[in-house]
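I opened the notebook to record what I looked up in this model, beginning with one residue and how far it is covered.

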Amino acid sequence: MTTRRRFIGSVVVGAASAWTGARWPGMLSAQGARRRISIAGRPVTVVDMHAHCVIPVTEIVRGTPLASSGGAGAPGLVLGPERLEAMDRTGVDVEALTINGFWWYAAERALARAIVSAQNEGLAKWVAAHSDRFVALASVALQFPDLAAEQLEDGVKRLGLRGASIGGHVNGEELSQPKYDVFWAKAAELGVLVFMHPNNAQNLIKPGTLRGRGGLDNVIGNPLETTHFLSRLIFEGTLDKFPGLKIGAAHGGGYLPSYLGRSEVGCSRGNTPCTNTKNPSAYMRSQVIVDTMVFSDEGLRHLVAELGASQVVYGTDVPYDWPVTVDLVLNASFLSDADKEAILGGNLKRLLRL
Ligand SMILES: [Zn+2]
């Protein structure tokens, strides 16, 4: 419950006003007040870039090799009233929804078209019913780059989606390969965000390497896949080819921002035929957006120091249980009020055209 106020420096945290929950058609009234975030007395909009969901497509995959996929997935992924209750409780005003399993990258063309169509129509329908609380990024069938470009354009122009959600590879293939340029070109032409969410580094790790205690496929594999993905786009020249491209990277951009200095000098050592025209940090500070999922004050400080507050956005990984709250940003002594507002929502408001 958020009925208390806390004063931290000039920052007021808390839910000042009770919220009845009757604003959304078809929504039951949520229990408890909606937490409203303000900085120095000014209300800010908190936008979450990292919000998983699922639009079930069980009927479409029935009788196909992908019949075991396309269901509800983990608890909380299918959108319902409890999603709004959780947002109210945690002070998230807007979620940018994405479907991130990418299991449909294994589908043949007609099936992939049908799956993605159902997903994007489903996303658009949910967003239309709750337009003040959600936007969504389009699923695409990236195994068919031309189709993916078409799906992105349709999602943005016809369905009002705000960008694309993609995996870090397509069935093991690097996305810096020229065959994917048709998709990157479309994203750059539309000027929309492409959010990449990794899938346990299945392209990098031999089966079983990270099995065992500690959930290492997730804990190490996901940030590793993101690091690899971003490094490829930088060093293979994809970000040079499409300077208008904006890439959103989950989990704080993986390990890349934490060891950016190594990447920075990588190309100057004479034995690496890099094609990038700028230092990696230049791309990270302009074309790459990362979320705040670093959990510690020091992690966030370092992320902002390396990339700049303009490249860091709020992300929660909902509905998975990571210890994420807006307070990490609100209480950060090293951030100005303007930086806090930009990170919590200002940057995404611009990128997602809210
Ligand atoms: Zn996630």
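I looked up D317 first and found it buried, its relative accessible area being 4%; buried here stands for under 20% relative accessible area, exposed for over 50% and partly exposed for what lies in between, with a 1.4 Å probe and protein chains only. This is a predicted model, in which local features need pLDDT of at least 70 and side-chain atom pairs count only at pLDDT 80 or more, while totals for chains, interfaces and linings use all residues. Residues are numbered from 1 along each chain as its sequence is written, and side-chain values use heavy atoms, with hydrogens and water left out.

**Zinc site**

I then asked which protein atoms hold the zinc ion: the donors are H50 (NE2), H52 (NE2), H197 (NE2) and D317 (OD), at 2.0 to 2.1 Å from the ion. Donors are N, O and S atoms within 2.8 Å of the metal (3.2 Å for Na, K and Ca), and since water is not among the atoms, sites may look incomplete. The angles among the 4 donor atoms run from 79 to 176 degrees, and the site is irregular. I noted the rule: four donors are tetrahedral if all angles lie between 85 and 135 degrees, four are square planar and six octahedral if opposite donors are over 155 degrees apart and all others between 65 and 115, and anything else is irregular.

In sequence the spacing of the donor residues reads H-x1-H-x144-H-x119-D. H197 sits in the loop between β10 (193-196) and α6 (216-235), and D317 in the loop between β13 (312-313) and α11 (327-330), so this pair ties together parts that lie 120 residues apart in sequence. Helices (H or I, at least four residues) and strands (E, at least two) are DSSP runs, numbered from the N terminus. H197 is buried as well, at a relative accessible area of 6%.

**Sheet**

I traced an open sheet of 6 strands with parallel pairing, in the order β8-β9-β10-β11-β12-β13; two strands pair if DSSP finds at least two bridges between them. Because β8 and β13 stand at the edges with a single partner strand each, one side of each is left without a neighbour in the sheet. The parallel strands β8 and β9 are joined by 2 bridges, and A138 stands opposite A164 in β9.

**Aromatic pairs**

My search of the whole structure gave 7 aromatic pairs, where rings of Phe, Tyr and Trp (its six-membered ring) pair if their centres lie within 6.5 Å, and planes under 30 degrees apart count as stacked, over 60 as edge-to-face and the rest as tilted. The rings of F102 and W104 are tilted, because their planes meet at 50 degrees, with centres 5.6 Å apart. Both residues are buried, F102 at 7% relative accessibility and W104 at 0%. The rings of F295 and W322 have centres 5.5 Å apart and planes at 20 degrees, so I entered them as stacked. Of these, F295 is partly exposed at 36%, and W322 is partly exposed at 31%.

**L230**

Last, I looked up L230, which has its place in helix α6 and is buried at 1% relative accessibility. Leaving aside neighbours within four places in sequence, L230 is in contact with I247, A249, G253, L256, M284 and V288, contact being heavy atoms within 4.5 Å.
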